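Reader: Could you take me on a close look at the empty spaces inside this protein and at what surrounds them? I work at the bench, so a plain, connected walk-through would suit me well.

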Amino acid sequence: MENRTAVTQFVLLGLTSDPALQIPLFVTFLFIYIVTLAGNLGMVLLILLDSRLHTPMYIFLGNLSLVDFCYSSAVTPKVMAGLLRGDKIMTFNLCATQMFFFTAFATVENFLLASMAFDRYAAVCKPLHYTTTMTASVCACLVLSCYVGGFLSAAVYTGNTFVLSYCQSNVVHHFFCDIPAVMFVSCSDRHINDLVLLYVASFNIFFALVIILISYIIIFTTILKIHAGAGHRKAVSTCASYFTAVSIFYGTIIFMYLQPSSRHSMDTDKISSVFYTMIIPMLNPVVYSLRNKEVKCAFEKTFSKVKCFG
């Protein structure tokens with residue numbers, strides 16, 4: 001395919017062109033980003049500082065918090081700059097960079113959620129074998145494979161998008177350089193590229209989803225065998241929270257990436273994108289960690305130490 005690229009920059013239309021909404025949206029996204037920053041980096045720091053949290057479950061949670069912070073940071077600051085200063089220009093290389101890091105960390109999260117589901121399966125359904133199943137080396141290999149898989153996939157996504165020619169319109173109907181929105185303005189035949197995106201994204205998503213669904217089906221079956229009581233209620237509540245967060249993440253991701261770029265409604269895509277770029281990274285620390293008794297105890301212990309030093 002001959003690359004006839006002439007476009008050197010893209011114009012991002014953003015969420016809205018209404019001046020009256022710019023400041024309210026900026027304040028809203030600033031609040032969301034501050035909460036995301038505090039919640040996720042706070043969780044990483046807490047896990048690093050408290051030796052009681054140096055277990056496979058919290059190693060996965062710590063990496064999930066780091067990934068949430070990273071992929072939110074790949075998008076949110078630029079969105080806020082556009083709302084505050086009207087800076088909607090994105091150079092060709094910067095657009096590719098943003099796309100690469102966002103898709104890399106989002107795909108890492110996809111694989112981390114599968115690893116976390118397997119970890120919970122081992123803990124709930126095979127408790128006597130948990131320490132021999134989830135050893136430090138197994139945990140490290142799972143985490144490393146999540147990052148390797150995420151960054152390799154991002155290289156495929158970004159290369160597949162920017163091998164296309166951009167020689168006519170440079171106006172992207174989105175608030176960041178998302179794959180379908182950028183591919184939509186290409187002047188090349190996108191059929192093969194749509195298929196590559198569809199197949200790679202489908203494999204990544206459904207590979208992780210199969211592991212998650214099988215793990216949670218077995219977990220729920222095991223929980224139903226537990227006699228009703230505090231332990232039963234806690235297990236049901238925890239799994240329900242996890243499953244809700246996973247459903248929101250995969251629901252929006254499947255909606256965004258498992259359809260050809262020509263079928264996308266850009267206004268609907270923007271709303272969906274807000275959920276997985278900003279809302280989910282903000283909610284994950286609450287859903288996965290802050291409701292946990294061990295995390296609360298670790299936070300109180302660390303806060304007490306800081307207060308004493310103060």
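Author: Happy to! A cavity here is a set of grid points where a 1.4 Å probe fits but cannot get out, and a residue counts as lining it if it has an atom within 4 Å of one of those points. Rolling a probe the size of a water molecule over the atoms shows where empty space is left. Please keep in mind that this is a predicted model.

With that in hand, let us start with the second largest cavity, which has a volume of about 130 Å³. From the early part of the sequence, its lining includes Leu12, Gly14, Leu15, Thr16 and Gln22. Further along come Lys78, Val79, Gly82, Leu83, Asp87 and Lys88, and Phe175 belongs to the lining as well. Helix 3, which covers residues 76-85, gives the largest share of this lining, with four residues. By character, the lining divides into five nonpolar, four polar and three charged residues.

Phe175 leads us on to the aromatic rings. Ring pairs join Phe175 with Tyr71, Phe102, Phe176 and Tyr276 into a cluster. In total, 17 aromatic pairs are counted, taking rings whose centres lie within 6.5 Å. One of them is formed by Phe100 and Phe101: their ring centres are 5.2 Å apart and their planes stand at 85°, so this pair is edge-to-face, the class for planes over 60 degrees apart. Phe100 has a relative accessible area of 22% and is partly exposed, and Phe101, at 36%, is partly exposed too. Another pair, Phe162 with Tyr166, is tilted, with 6.1 Å from centre to centre and 45° between the planes. Phe162 and Tyr166 are both buried.

Now to the largest cavity. Its volume is about 180 Å³, and the structure holds four cavities of 30 Å³ or more. Sixteen residues line the largest cavity, and those nearest its centre are Ala106, Thr107, Tyr157, Ile253 and Tyr257. Helix 4, helix 8 (191-224) and helix 9 (230-257) each supply at least two residues of that lining, and helix 4 gives the largest share, five residues. What is the character of the lining of the largest cavity? It divides into twelve nonpolar, four polar and no charged residues. For the second largest cavity, recall that three charged residues are part of the lining.

Since helix 4 gives so much to this lining, its packing deserves a look. Helix 4 (residues 92-125) packs against helix 6 (residues 136-162) at an angle of about 145°, with 7 Å between the axes. The crossing of helix 4 past helix 6 is right-handed. The residues of this contact comprise 19 nonpolar, eight polar and no charged.

Finally, a step back to the whole chain. It has eleven helices and three strands, and from the N terminus on the elements run β-α-α-α-β-α-α-α-β-α-α-α-α-α. Of the 310 residues in the chain, 49% are buried. Pro285, found in helix 10 (residues 266-290), shows how that label is given: its relative accessibility is 3%, and buried means under 20%, so Pro285 counts as buried. Pro285 also has a partner far off in sequence: Leu64 is 221 residues away along the chain, yet the two C-alpha atoms are 8.8 Å apart in space.

Methods: Residues are numbered from 1 along each chain as its sequence is written. This is a predicted model: local features need pLDDT of at least 70, side-chain atom pairs count only at pLDDT 80 or more; totals for chains, interfaces and linings use all residues. Side-chain values use heavy atoms; hydrogens and water are left out. Axes are lines fitted to C-alpha atoms, for helices over the stretch in contact, and angles run from 0 to 180 degrees between N-to-C directions. A crossing is left-handed if the near helix is turned anticlockwise from the far one by less than a right angle, and right-handed if clockwise. Ala, Val, Leu, Ile, Met, Phe, Trp, Tyr, Cys and Pro count as nonpolar, Asp, Glu, Lys and Arg as charged, and the others, Gly among them, as polar. On a 1 Å grid over the protein atoms alone, a cavity is a set of points where a 1.4 Å probe fits but cannot get out, and a pocket is an open set with protein on both sides within 12 Å along at least five of seven lines; lining residues have an atom within 4 Å of a point. Grid points are joined across faces, edges and corners, and a volume is the space filled by probe spheres set on the points. Buried means under 20% relative accessible area, exposed over 50%, partly exposed in between (1.4 Å probe, protein chains only). Rings of Phe, Tyr and Trp (its six-membered ring) pair if their centres lie within 6.5 Å; planes under 30 degrees apart count as stacked, over 60 as edge-to-face and the rest as tilted.
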